[in-house]
Amino acid sequence: MFGVITLATSKGGAGKSTLARSLAAHWYALGHRPALVDADPQRSLANRYDPTGRLSGVPVIAEPEECVGEVIEELRLRHSPVIVDTAGFRNRTTIGALVETDLALIPLKPAVEDVDAAIATYDLIQEINKTQERADRPIKVAMVLTMTMRGTVIARHVRMQLISASYPLLVAEMPNRVAYPEAGIEGLSPTTVDPDGAAARDITALVHELMKLENYELLTVRETSP
Ligand SMILES: Nc1ncnc2c1ncn2[C@@H]1O[C@H](COP(=O)(O)OP(=O)(O)OP(=O)(O)O)[C@@H](O)[C@H]1O
Ligand SMILES: [Mg+2]
């Protein structure tokens with residue numbers, strides 16, 4: 001299991017918070033002890049946390065400032081995984097979180113702006129991996145398509161574009177489903193609300209693919225983008 005997973009991309013609205021909460025809900029349902037760090041000044045996860053709700057056992061710690069690294073270090077002693085949601089723009093808090101991260105997930109919608117931001121975020125992570133702190137323990141990174149609609153040309157095009165340039169794109173996606181925003185109204189996730197539904201199955205497939213990455217060094221070898 002990755003100890004710390006950070007959701008990052010400089011594009012707003014790509015699905016970071018939704019995927020962060022969905023992953024936490026998935027592992028919580030399996031009996032793990034995930035925690036969420038809300039490192040976004042918009043506090044979209046922290047604002048929806050319900051201390052009496054069905055995800056009350058997944059703490060949400062709001063830390064939009066630069067001491068996010070210390071918060072993560074402290075949480076990882078008691079929680080696994082620690083899942084960090086970041087802001088939809090590049091800031092020092094995101095970099096501070098990435099430095100403490102085992103796996104960086106870069107969500108992107110099938111749209112050119114999202115692709116550009118995903119590549120810029122990938123390059124930022126590779127820069128961090130060149131620092132002394134992370135050179136011998138590089139952050140693993142994977143991109144994941146979000147809000148995809150079945151059979152659309154743009155989704156296929158974006159997938160081909162990223163794969164042909166050797167970016168580490170997951171096969172699993174977080175497709176466009178109303179179950180995500182509906183569950184999100186109460187700070188919940190499809191896995192909590194409808195564990196047998198299609199959206200919960202998407203997250204299960206995504207987690208299975210993430211777990212396989214643990215065994216591969218493949219994702220850390222790519223040097224820089226062309
Ligand atoms: N798979 C999905 N299907 C349908 N709607 C989704 C899906 N994922 C996210 N959404 C919706 O898209 C919007 C943006 O998602 P989300 O807030 O997770 O993105 P974000 O990257 O965290 O945005 P920000 O950069 O503003 O923090 C939200 O209204 C969310 O409910
Ligand atoms: Mg968000």
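How many cavities of 30 Å³ or more does the count come to? The count comes to 1 cavity, and the tour of this predicted model begins there.

**Stop 1: the enclosed space**

Please select R21, Y49, L55, V60 and G187. Among the 15 residues that line the largest cavity, these lie nearest its centre. The space inside the largest cavity is about 120 Å³. When its lining is sorted by class, 7 residues are nonpolar, 3 are polar and 5 are charged.

**Stop 2: the largest pocket**

Next, select G15, K16, S17, T18 and M147. These are the residues closest to the centre of the largest pocket, which has 24 lining residues. The largest pocket holds about 410 Å³ of space. Its lining comprises 9 nonpolar, 11 polar and 4 charged residues.

Now colour helix 1 (16–29) and helix 6 (179–184), each of which supplies at least two residues of this lining. Which helix gives the most to the lining of the largest pocket? Helix 1 does, with 4 residues.

**Stop 3: the second largest pocket**

For the second largest pocket, select T148, M149, R150, G151, T152, A155 and R156, and add V171, E173, P175, N176 and R177; these residues line it. The volume of this pocket is about 240 Å³. Its lining divides by class into 4 nonpolar, 4 polar and 4 charged residues.

**Stop 4: helix 2 against helix 3**

The tour now turns to packed helices. Such a pair is described by the angle between the two axes and by the distance between them.

Display helix 2 (residues 68–75) together with helix 3 (residues 92–99). Their axes come within 8 Å and cross at roughly 30°. The crossing of helix 2 and helix 3 is right-handed. To view the contact, show the side chains of V68 and I72 and the position of G69 in helix 2, then T93, G96 and A97 in helix 3. By class, this contact of helix 2 with helix 3 contains 3 nonpolar and 3 polar residues, with no charged residue.

**Stop 5: helix 3 against helix 4**

Keep helix 3 in view and add helix 4 (residues 112–129). The axes of helix 3 and helix 4 come within 11 Å, with a crossing of roughly 55°. Why are helix 3 and helix 4 described as oblique to each other? The crossing angle is roughly 55°, and an angle that is neither under 35 degrees, nor over 145, nor from 65 to 115 counts as oblique; the two helices are therefore oblique to each other. The crossing of helix 3 and helix 4 is right-handed.

Select I95, L98 and V99 on helix 3, which meet L124, I125 and I128 on helix 4. The residues of this contact divide into 6 nonpolar, no polar and no charged.

**Stop 6: two details of the backbone**

Move to the loop between helix 2 and strand 4 (82–86), where P81 is found. Which kind of peptide bond joins S80 and P81? The bond is cis, with an omega of about -5°.

Finally, centre the view on R43, in the loop between strand 2 (35–39) and strand 3 (60–62). Although R43 is not a glycine, its phi is positive, at about 55°.

Note on methods: Residues numbered from 1 in each chain as written. Chains lettered and ligands numbered in written order. Predicted model: local features only at pLDDT ≥ 70, side-chain atom pairs only at ≥ 80, totals over all residues. Heavy atoms only, no water. Axes fitted to C-alpha atoms, helices over the stretch in contact; angles between N-to-C directions. Left-handed = near helix turned anticlockwise from the far one by under 90°. Contact = heavy atoms within 4.5 Å. Nonpolar A, V, L, I, M, F, W, Y, C, P; charged D, E, K, R; others polar. 1 Å grid on protein atoms, 1.4 Å probe; cavity = no way out; pocket = protein on both sides within 12 Å on 5 of 7 lines; lining within 4 Å. Points joined across faces, edges and corners; volume = space filled by probe spheres on them.
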